[in-house]
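Thanks, everyone, for making the time. I would like to walk through one model with you, going from a single side chain outwards to the overall layout, so please bring up the view now.

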Amino acid sequence: MKLKQLESYLGDVVQFANPKVELEQYPTGPHIASRMLFMAESSYGDIDGKVVADLGCGCGTLGIAALLLDAAQVVGVDVDGDALLLAHENCNELEVEMELIQASLTHLPWRGPIVDTVVMNPPFGTRCKGADMEFLAAALKVAGTAVYSLHKTSTRAHIKRVAVRDFGATSAEVLCELRYNLPASYKFHKQREVDIAVDLWRFTTS
């Protein structure tokens with residue numbers, strides 16, 4: 001599947017109507033999601049035929065992208081039942097099948113690496129300090145090969161240091177810097193939208 005075709009399909013994914021601020025729920029738009037997954041497959045072969053987990057899957061965008069790129073199996077995990085319901089509806093609409101699990105990252109029903117690749121757009125940790133690192137720690141425990149994740153560029157040095165020193169990553173590489181277009185989603189947002197500089201990371205575990 002070509003990049004433009006993937007982005008077009010992801011444009012049909014329905015995003016949160018009432019995002020929950022305490023979970024820092026923000027949409028992963030089709031532009032970033034398509035490039036993230038396309039690069040994971042075209043440059044590293046980490047999607048096609050692989051078992052993929054989407055941690056904090058929300059409405060399912062990244063997991064659906066993995067399925068459209070011929071992942072063997074995709075598991076979406078989220079603590080929010082409403083998000084999982086929306087992800088299920090999106091999968092039905094796009095005629096793909098994803099296993100969906102309601103669980104917090106501290107109570108994942110797995111022990112040790114059980115998937116090949118993890119893809120995720122974790123909370124930035126703005127409202128709940130450290131949430132981004134909690135996601136990364138969990139991802140590196142369950143991924144047998146690689147983790148693809150988005151983090152604020154301003155945290156780059158910290159992310160690299162902690163991933164390798166504390167979380168057991170064998171490598172941590174910024175693949176590219178992206179502009180995350182964040183629409184006004186909550187009452188405290190004063191601007192209609194803002195652009196946030198984010199890094200697309202690839203962490204390896206073996």
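Let us start at Leu 10, which, leaving aside residues up to four places away in sequence, touches Pro 30, Ala 33, Ser 34, Thr 61, Ile 64, Ala 65 and Leu 68. I should say at once that this is a predicted model, and everything that follows should be heard with that in mind.

Which residues have the most contacts inside the largest nonpolar core? Leu 10 is one of them, together with Leu 37, Ile 47 and Ile 64, in a core that numbers 39 residues. At least two residues of this core come from each of α1 (3–10), α2 (30–44), α3 (61–68), α4 (81–94), β5 (143–152), β6 (171–183) and β7 (193–204), and α3, with six residues, gives the most. Apart from this core lies another one, of 28 residues, whose members include Leu 55, Val 115, Ala 139 and Val 142. As a general remark, nonpolar side chains in soluble globular proteins tend to be buried together.

Now to the strands, beginning with β2, which covers residues 73–78 and pairs in parallel with β3, residues 99–102, through four bridges. Within that pairing, Gly 76 has Leu 100 of β3 as its bridge partner, while Val 77 stands opposite Ile 101. Between β2 and β3 the chain passes through α4, and the resulting β-α-β crossover is right-handed.

Strand β2 also pairs with β1, residues 51–55, again in the parallel sense, over five bridges, and there Val 52 has Val 74 of β2 as its bridge partner. Here the β-α-β unit is made of β1, α3 and β2, and it is right-handed. The helix in this unit, α3, is the one that gives the most to the largest core.

Why can we call β2 largely enclosed by the rest of the structure? Five of its six residues are buried, so the description follows from that count.

Stepping back to the whole protein, we have six helices and seven strands, which follow one another along the sequence as α-α-β-α-β-α-β-β-α-β-α-β-β. Of the 206 residues, 50% are buried, and the accessible surface comes to about 10000 Å², with 49% of it belonging to carbon and sulfur atoms. Finally, if we take the contacts with a separation of 6 or more, 71% of them are accounted for by residues 24 or more positions apart.

Notes. Residues numbered from 1 in each chain as written. Predicted model: local features only at pLDDT ≥ 70, side-chain atom pairs only at ≥ 80, totals over all residues. Heavy atoms only, no water. Core = buried A, V, L, I, M, F, W, Y, C linked by side-chain atoms within 4.5 Å. Buried < 20%, exposed > 50% of the residue type's maximum accessible area, 1.4 Å probe, protein only. Contact = heavy atoms within 4.5 Å. Pairing = 2+ DSSP bridges. Right-handed = clockwise from strand over helix to strand, strands pointing away. Areas by Shrake-Rupley, 256 points an atom, 1.4 Å probe, with all protein chains shown as cover.
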